[in-house]
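Welcome, and please bring your viewer to the front. We will move from one selection to the next, pausing at each stop to see what is there.

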Amino acid sequence: LPSPKDTRGRNLACARSILLQHVTLEEMSTTPELAAGFDSVRAPLEKAVQEHDEEKEVLVLLRTRCGLLALVTTPLVPEMRVCLALASDYEGQDGLQIDIDAD
């Protein structure tokens, strides 16, 4: 794989990764490291949780190291029953780390 680059085309010094976690609204409120910075999206997030179709959509709350916070509703692909079967491999784990630049 080519080395990872930033938006200006410069080589990055470290490999990139994404940590995915399933977090409930209650956990966000009661866990200090999760709650920090989420006040600005709490109302839109609560509304999105109430309005989305959990059989067809996924809510993604993204927080980057630089402080970007974004809330996205995206289609659930593949369909729910397939997702549940695949998710059973990760049951009981706190999160899933995806190493973007791994060999």
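Between which helix and which strand does the loop with Gly95 lie? Select Gly95 and you will find this residue in the loop between helix H4 (80-87) and S4. Helices (H or I, at least four residues) and strands (E, at least two) are DSSP runs, numbered from the N terminus.

Before going further, a word on what is on screen. This is a predicted model, in which local features need pLDDT of at least 70 and side-chain atom pairs count only at pLDDT 80 or more, while totals for chains, interfaces and linings use all residues. Residues are numbered from 1 along each chain as its sequence is written, and side-chain values use heavy atoms, with hydrogens and water left out.

**Stop one: around Gly95**

Stay on Gly95, which counts as partly exposed at 29% relative accessibility. On this scale, buried means under 20% relative accessible area, exposed means over 50%, and partly exposed is in between (1.4 Å probe, protein chains only). Now show the contacts (heavy atoms within 4.5 Å). Not counting residues up to four places away in sequence, Gly95 touches Leu20 and Gln21. For a sense of distance, add Leu84: its C-alpha atom is separated from that of Gly95 by 16 Å, with the two residues eleven apart along the chain.

**Stop two: a nonpolar patch**

Next, select Ile18, Leu20, Ile98 and Ile100 together and turn on the surface. These residues make a nonpolar surface patch of about 310 Å². Patches are made of residues with over 30% relative accessible area and no salt bridge, with like charges joined within 9 Å and nonpolar side chains (Val, Leu, Ile, Met, Phe, Trp, Tyr) within 5 Å. The accessible areas come from the Shrake-Rupley method with a 1.4 Å probe, and for residues only the protein chains shown count as cover. Within the patch, Ile100 lies in the segment after strand S4 (96-99) and is partly exposed at 40% relative accessibility.

**Stop three: Cys83 and a cis bond**

Move to Cys83, found in helix H4. Its contacts, leaving aside neighbours within four places in sequence, are with Leu76, Val77 and Pro78. Zoom in on the last two: the peptide bond from Val77 to Pro78 is cis, with omega near -5°. Pro78 itself lies in the loop between strand S3 (69-75) and H4.

While cysteines are in mind, how many disulfides does the structure hold? The count is zero, where a disulfide is a pair of cysteine sulfur atoms within 2.5 Å. Select Cys14 to see one case: the closest cysteine sulfur, in Cys66, is 14 Å from the sulfur of Cys14, and therefore too far for a bond. Cys14 is partly exposed, at 48% relative accessibility.

**Stop four: salt bridges**

Two salt bridges turn up in a search of the whole structure; each is a side-chain nitrogen of Lys or Arg within 4 Å of a carboxyl oxygen of Asp or Glu. Select Arg81 and Glu79 for one of them, where the closest N and O atoms are 2.5 Å apart. Arg81 is exposed at 62%, whereas Glu79 is partly exposed at 43%. Then select Arg10 and Asp6, whose closest N and O atoms are 3.0 Å apart. Here Arg10 is partly exposed at 47%, and Asp6 is partly exposed at 24%.

**Stop five: Arg42**

Is Arg42 buried or exposed? Arg42 is buried, with a relative accessible area of 19%. You will find Arg42 in helix H3 (residues 42-51), touching Leu25 and Ser29 once residues up to four places away in sequence are set aside. Its side chain makes a polar contact with the side chain of Ser29 at 3.3 Å. A polar contact is a pair of N or O atoms within 3.5 Å; within protein, one must be able to donate a hydrogen and the other to accept it, and residues adjacent in sequence count only if both atoms are side-chain atoms.

**Stop six: two side chains facing backbone oxygens**

Select Thr31, in the loop between helix H1 (25-30) and helix H2 (32-35). A polar atom of the Thr31 side chain lies 2.9 Å from the backbone oxygen of Glu27. Finish at His52, in the loop between H3 and strand S2 (57-63). A polar atom of the His52 side chain lies 3.1 Å from the backbone oxygen of Val49.
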